[in-house]
Protein chains: 2
Amino acid sequence: MKTYSISEAAKELNLTAYTLRYYDKEGLLPFVERTPNGTRLFKAADIGALKIIECLKSTGMPIKEIKHFIDWCSEGDSTLQQRYDMFLERKATVEAQMEELKKTMELIEHKCQYYKTALEAGTEDIHKDDKIEIMS
Amino acid sequence: MKTYSISEAAKELNLTAYTLRYYDKEGLLPFVERTPNGTRLFKAADIGALKIIECLKSTGMPIKEIKHFIDWCSEGDSTLQQRYDMFLERKATVEAQMEELKKTMELIEHKCQYYKTALEAGTEDIHKDDKIEIMS
DNA sequence: GCTTGACCTCGAGTTAACTCTAAGGTTTAC
DNA sequence: GTAAACCTTAGAGTTAACTCGAGGTCAAGC
């Protein structure tokens, strides 16, 4: 079974060894085992778990909340409902983020258009009396 | 022409007055005028500009970079190219974020499914020997 | 005229998430 | 057998983006 040193794991996950140690200190990696002399040994499954952690982080979930999830995982089947609820809530969050991002994209595309025409005209004045809409 | 006090502007933008003063301190609001005694007076156009600022912020752009954009706006037509380029770059960033978010969503939906079936079975063991794929 | 409340500035404090340093132990390479 | 390249820990430092407190100004209402 392949294992990874902390720096190999870091490279695999696009993180630094510092960050992994920090996660461990914050209680996110109770499953990572050690060699007799204390060196962390990451298994493939640990890398997988870290990918879930990164996924949760990318939804804006703070580390302390991710720790709750990790704790639930350690507690076993009695916490299945909590974990399910958490992912449902994350799903709603991500859906909202997608909506937001779509609106952001629209505004940015509008601005690209705005500056494209201004650039062609050599001046922003070309948009001086664009409709009095929400945003020009 | 309608104007807004700092707290009205804050409410309009879902920010706090503290945050607006902080933005001002960071040079993001050079266009906001003052009454003779120093009170900020936000015009409708200022609220609009702040919405652009919030839009840029939501793409993960740091305040210092947003300031560059504000500075360019003050400098006039000679900076049209920079501003256009900036929005093109933002567009690319947002496209990448959308891709990321889609992947995140897939993983989360997978996990929702995973916990739904585990919950129905009463135990996570139901997934014990799921394929040895990337992530179960 | 005096209190109340909203505004102001300046500078300090907070928080999250790293990021690094110091001091030391272990393993590998020649 | 020693140097390089890892690893460990505890704890300090950094950064961004707020967030707040103290002390002051000013206009409105009683």
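Chain B and chain A bury about 3600 Å² between them, and carbon and sulfur atoms carry 80% of that area. The model is predicted. The size of an interface is often given as the accessible area lost when the parts come together.

**Interface of chain B and chain A**

On the side of chain B, the residues that lose the most area to chain A are B:Y84, B:L101 and B:Y115, which together make up 17% of what that side buries. Counted by contact, 37 residues of chain B meet 37 residues of chain A.

Polar pairing across this interface can be listed as well. There are 10 residue pairs in polar contact between chain B and chain A, with both residues at pLDDT 80 or more. The rule for salt bridges finds 2 of them across the interface. A:R83 and B:E124 form a salt bridge in which the closest N and O atoms are 3.2 Å apart.

Three helices of chain B, α3 (44-58), α4 and α5 (80-121), give two or more residues each to the side that touches chain A. Of these elements, α5(B) gives the most, with 25 residues. Sorted by class, the side of chain B that touches chain A holds 19 nonpolar, 8 polar and 10 charged residues.

**Surface near DNA strand D**

DNA strand D is surrounded by 18 residues, and the closest are A:I6, A:S7, A:R21, A:R40 and B:Y23. Of the strand's atoms that come within 4 Å of the protein, 73% belong to sugar and phosphate. By class, the residues of this surface divide into 6 nonpolar, 6 polar and 6 charged.

Both chains supply elements to the surface near DNA strand D. From chain A, α1 (6-13) and α2 (17-25) each supply at least two residues, as do α2 (17-25) and α4 (63-75) from chain B. The largest share, 4 residues, comes from α2(B).

Helix α4 of chain B thus appears in both settings: it supplies at least two residues to the surface near DNA strand D, and it gives two or more residues to the side of chain B that touches chain A.

The table lists side chains of chain A with a polar atom by a phosphate oxygen of DNA strand D.

| Residue | Partner atom in DNA strand D | Distance |
|---|---|---|
| A:S7 | phosphate oxygen | 3.0 Å |
| A:R21 | phosphate oxygen | 2.8 Å |
| A:R34 | phosphate oxygen | 3.2 Å |

A:S7 and A:R21 are also among the closest residues to DNA strand D.

Terms used:
Residues are numbered from 1 along each chain as its sequence is written. Chains are lettered from A and ligands numbered from 1 in the order in which they are written. This is a predicted model: local features need pLDDT of at least 70, side-chain atom pairs count only at pLDDT 80 or more; totals for chains, interfaces and linings use all residues. Side-chain values use heavy atoms; hydrogens and water are left out. A residue is near a molecule or strand if one of its heavy atoms lies within 4 Å of it. A polar contact is a pair of N or O atoms within 3.5 Å; within protein, one must be able to donate a hydrogen and the other to accept it, and residues adjacent in sequence count only if both atoms are side-chain atoms. Ala, Val, Leu, Ile, Met, Phe, Trp, Tyr, Cys and Pro count as nonpolar, Asp, Glu, Lys and Arg as charged, and the others, Gly among them, as polar. Contact means heavy atoms within 4.5 Å. Buried area is the accessible area (1.4 Å probe) that two parts lose on being put together, summed over both. A salt bridge is a side-chain nitrogen of Lys or Arg within 4 Å of a carboxyl oxygen of Asp or Glu.
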